[in-house]
Amino acid sequence: MLTKFRTGSFSQQGGFTLVELAIVILIMGLILGGLAMPLSTQLDNARIRETRTALQDIDDALQGFAMTNGHLPCPATPASLGFADVSGGGCVAQHGFVPASTLGVSGPRNGDNLLLDAWANPFRYSVSAVDADGDGNWDFTAPGEMRDVSLGVLDPDLTVCSTATGSSATACAGPATTLTDSAPVIVFSMGKDWSTFTSADQQENVGATLAGGPTATSYRVPADNVAVSRRPGEQAGNEFDDIVSWIAGSALYHRMVSAGQLP
Amino acid sequence: MMMHNSLARRQQGAALLVMMLVVIVGAAALLVSKLDRNASRQSQSSTTQASLASAKQALLAYAMSYPDRVSGAAAQLPCPDIDTSGVTLDGEAHEFDCGAAGETMLGRLPWKTLGIAALTDGAGECLWYAVSGDYKSAGAATAAMLNPDSSGQLELLQSESGAVVQGQTAASRPVALIIASGPVLGGQTRQALGRPGQQCSDDFNRQAFLDDDAATGVSNASVSGSVAIEQFVLAAGVVDGFNDRVLPITRRELAELVYQRHDFETRIRELTHALAQCLAAHGKSNPGGVTDLRLAWPSPVPLTDYRVDSQYDDAGSGILSGRLSDVVDDSNALTGNATSRVLTDCSPAAAPLWDARMLSMWQNWKDHYFLYVADAFSPAAAVPSSCGSCLTVDGSGQYAAVLIFANRRLQSAAQSRDAPPFDADTRDDIGNYLESRNTTLHPYLAGNADLESRPADATFNDILYCLDTSLTVSAC
């Protein structure tokens with residue numbers, strides 16, 4: 001009886017698995033691996049799409065704000081809790097965060113009430129601080145200033161380059177690397193690998209820090225009027241995954257003229 | 001034996017289960033990958049649509065704000081990016097090398113000039129763009145006259161039916177097209193991006209991107225290189241060997257931008273007032289002294305080419321109603337006035353409202369200006385100038401001349417303002433410009449003519465400025 005059992009048990013194990021199982025596991029591994037690869041790419045792609053859509057919504061909201069108020073909102077800071085940070089009629093910061101509460105944009109927020117991209121990192125927002133008539137009011141953020149300065153004179157100065165190489169605090173290396181030198185607004189997401197910004201192109205976009213919110217987080221923000229936008233890349237030392245968006249001056253004027261805010 | 005049997009059964013069962021699992025997982029993988037491919041095809045198509053729409057918005061915005069950037073200019077569209085040689089770079093409009101005047105140009109969308117990012121279609125290709133000759137902002141090759149009545153020079157056919165889907169009439173001909181080239185088709189070889197930071201390919205061989213449509217025989221890759229109506233093709237569905245996607249811009253869309261600006265009427269009134277001042281200044285500069293206030297004759301309503309300044313000429317007209325003249329040699333022959341061009345030679349010293357942008361504004365709107373001159377103030381009248389029976393407006397006043405701005409075409413009056421070379425001339429009829437008595441009084445010969453002025457409505461939108469018997473200008 002005992003022998004019989006032992007024999008049975010033994011032949012059960014030996015007769016089937018080892019080779020078959022190895023093949024099955026191999027096949028399943030291949031299939032699952034093949035499935036999982038595009039799945040993670042798809043997830044990344046979905047996050048990129050989501051972030052692009054959010055950027056589009058922010059652009060629309062900014063233009064809508066300008067259509068009703070005649071100027072652009074000041075950037076939010078960690079201390080202003082998602083609202084435009086205004087002090088004495090001027091902006092507290094030129095480079096900060098999307099004032100989502102002022103704009104009424106919905107979306108996930110963090111502990112400092114800043115609007116987040118698909119990787120749970122706040123969107124950055126910069127506005128041109130140009131002051132054409134030298135009266136101390138920024139043309140694009142001070143109420144009534146866009147109309148006072150007048151359409152023919154307005155000349156925003158935010159600059160987007162295709163590379164940080166050779167760029168200064170105000171301009172790209174040359175016309176060939178300049179994508180625009182006259183954007184009134186730049187909004188961007190730091191992308192998937194937002195916590196590391198080792199390449200020169202990524203550092204250009206976040207050369208300064210801004211803190212002061214309830215969570216005491218120190219955020220990276222742009223240091224100057226120059227941003228970099230280019231195709232994503234993974235090459236070591238030249239990584240780039242920021243998603244940068246800007247509004248053309250003429251598009252902004254067009255919307256404001258149709259709303260009667262200009263000229 | 002019994003043992004062996006049961007063992008065999010169990011083995012078979014397990015293998016079947018495993019096989020089933022493999023088949024299910026395999027099928028699932030196949031399904032997911034297929035779904036993925038469908039989804040990506042759909043997202044490619046929606047990317048293309050979104051890019052085309054963004055490009056259109058950017059072009060309209062550019063045109064709307066063009067007069068603010070270039071004083072006195074019309075709402076012009078940029079030239080395409082034709083290549084990267086010379087002074088222009090990737091994404092910049094080829095403004096100073098943009099064909100002859102009136103020639104339609106085809107190239108890449110000048111995204112940098114528009115101030116936007118380099119828009120790409122679902123296949124990752126930069127967008128293409130064709131602009132009508134009269135609408136391009138092209139330095140010396142810019143049209144001599146551009147206003148919302150200028151017609152486009154593009155025609156859009158449908159591949160499947162061969163029918164003209166847009167462009168049966170002057171009003172419906174697109175003024176510009178944005179074209180997404182889509183993925184590579186058989187026979188097309190496209191150069192890849194070369195330089196770092198480059199946004200669009202240096203490859204400007206249009207044949208490599210834009211398609212020939214076999215059904216209609218029209219190629220989206222070619223324009224004639226002369227002043228002509230250019231045909232392009234779009235497809236509603238899937239057509240073999242053709243995958244361009246096309247979005248037109250109509251002149252109506254541009255016209256609305258011009259008319260909807262709430263400063264439009266203010267600016268036009270300023271211009272009309274200033275033009276009337278120039279005419280008055282001309283009358284006051286007659287060598288006969290302060291009592292000789294004779295003015296210049298208008299030009300005929302029908303002209304050979306409405307775009308050319310020098311056509312607005314009083315040559316031998318001797319008429320009292322017609323278009324506002326610039327060249328007035330024939331009038332001067334009688335009055336002895338030394339200024340041969342009323343408007344081109346006008347200056348702020350003579351007409352306080354006149355400024356540098358006024359001349360180019362007049363050049364763009366010149367077919368919209370009409371003039372009635374009282375016979376007592378015509379070049380042939382007796383001096384000293386005085387009114388026996390002069391012009392009146394709605395029964396009141398005594399006016400030496402009345403300048404009328406025709407304003408936008410009225411649907412109710414079925415006004416049409418087309419012109420050769422592409423359309424039959426309907427600008428030769430004053431009724432296509434002015435309304436009610438302002439039209440029916442033409443041709444005005446002598447005596448009293450009572451013109452009409454009232455707030456704009458669906459049947460009337462003329463704007464009148466009057467010169468009284470001492471040539472003082474006022475709205476009337």
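**View 1. A:Val98 is buried, with a relative accessible area of 1%.** In this predicted model, A:Val98 is found in the loop of chain A that runs between strand 3 (95-97) and helix 3 (100-103). When its neighbours within four places in sequence are left aside, A:Val98 is in contact with A:Ile58, A:Ala76, A:Gly82, A:Leu103, A:Leu115, A:Phe123, A:Tyr125 and A:Val187. From A:Val98 to A:Glu234 the distance is 27 Å, C-alpha to C-alpha, and the two residues are 136 residues apart in sequence.

**View 2. Helix 6 of chain A, residues 249-258, is mostly covered.** Eight of the ten residues of helix 6 of chain A are buried, and these are A:Gly249, A:Ser250, A:Ala251, A:Leu252, A:Tyr253, A:His254, A:Met256 and A:Val257. Just after helix 6 of chain A comes A:Gly260, which takes a positive phi of about 80°.

**View 3. B:Lys56, in helix 1 of chain B, is a buried lysine.** The relative accessible area of B:Lys56 is 13%, and the residue counts as buried because this value is under 20%. The side chain of B:Lys56 reaches the backbone oxygen of B:Pro248 at 3.1 Å. Apart from neighbours within four places in sequence, the residues in contact with B:Lys56 are B:Ile178, B:Leu247, B:Pro248, B:Ile249 and B:Glu253.

**View 4. Two tyrosines of helix 1 of chain B, B:Tyr62 and B:Tyr66, lie four residues apart.** Over all chains, the count of aromatic pairs comes to ten. B:Tyr62 and B:Tyr66 form an aromatic pair that is tilted, with 5.7 Å centre to centre and 45° between the planes. Both residues belong to helix 1 (residues 2-69) of chain B, where their separation in sequence is about one turn of the helix. B:Tyr62 is buried, with a relative accessible area of 9%, and B:Tyr66 is buried as well, with a relative accessible area of 7%.

**View 5. B:Tyr372 and B:Tyr444 form a tilted aromatic pair.** Their rings are 6.1 Å apart, centre to centre, with 40° between the planes. The pair links distant parts of the chain, 72 residues apart: B:Tyr372 lies in strand 11 (residues 369-373) of chain B, whereas B:Tyr444 lies in the loop between helix 7 (437-440) and strand 14 (450-451) of chain B. Both B:Tyr372 and B:Tyr444 are buried.

**View 6. Helix 6 of chain B, residues 356-365, has its buried residues on the same side.** The residues buried in this helix are B:Met358, B:Met361, B:Trp362, B:Asn364 and B:Trp365. They cover an arc of only 160° around the axis, which means that they are on the same side of helix 6 of chain B. The elements of chain B against which these buried residues pack are helix 3 (251-260), helix 4 (264-284), strand 11 and strand 13 (396-405). At the start of helix 6 of chain B, a side-chain oxygen of B:Asp355 reaches to within 3.0 Å of the backbone nitrogen of B:Arg357. B:Trp365 also belongs to a cluster in which ring pairs link it with B:Tyr259, B:Phe264, B:Tyr369 and B:Phe405.

**View 7. Helix 3 of chain B is largely enclosed by the rest of the structure.** This description applies because seven of the ten residues of helix 3 of chain B are buried. The buried residues are B:Arg251, B:Leu254, B:Ala255, B:Glu256, B:Leu257, B:Val258 and B:Tyr259.

**View 8. Strand 5 and strand 8 of chain B pair in the parallel sense.** The pairing of strand 5 (residues 154-158) of chain B with strand 8 of chain B extends over five bridges, and B:Gln158 stands opposite B:Leu234 in strand 8 of chain B. Strand 8 (residues 230-234) of chain B is largely enclosed by the rest of the structure, because four of its five residues are buried.

**View 9. The charged end of B:Arg108 sits over the rings of B:Phe204 and B:Phe209.** The distance from the charged end of B:Arg108 to the ring centre is 4.7 Å for B:Phe204 and 5.0 Å for B:Phe209.

**View 10. B:Asp292 is a buried residue in a loop of chain B.** The loop that holds B:Asp292 lies between helix 4 and strand 10 (321-323) of chain B. B:Asp292 counts as buried because its relative accessibility is 2%, and, neighbours within four places in sequence aside, B:Asp292 is in contact with B:Gly283, B:Asn286, B:Thr335, B:Val383 and B:Ser385.

Methods:
Residues numbered from 1 in each chain as written. Chains lettered and ligands numbered in written order. Predicted model: local features only at pLDDT ≥ 70, side-chain atom pairs only at ≥ 80, totals over all residues. Heavy atoms only, no water. Buried < 20%, exposed > 50% of the residue type's maximum accessible area, 1.4 Å probe, protein only. Pairing = 2+ DSSP bridges. Phe/Tyr/Trp six-rings, centres within 6.5 Å; stacked < 30°, edge-to-face > 60°. Lys NZ or Arg CZ within 6 Å of the ring centre and 35° of its normal. Arc of directions from axis to C-beta. Contact = heavy atoms within 4.5 Å. Polar contact = N/O pair within 3.5 Å; in protein donor to acceptor, adjacent residues only side chain to side chain.
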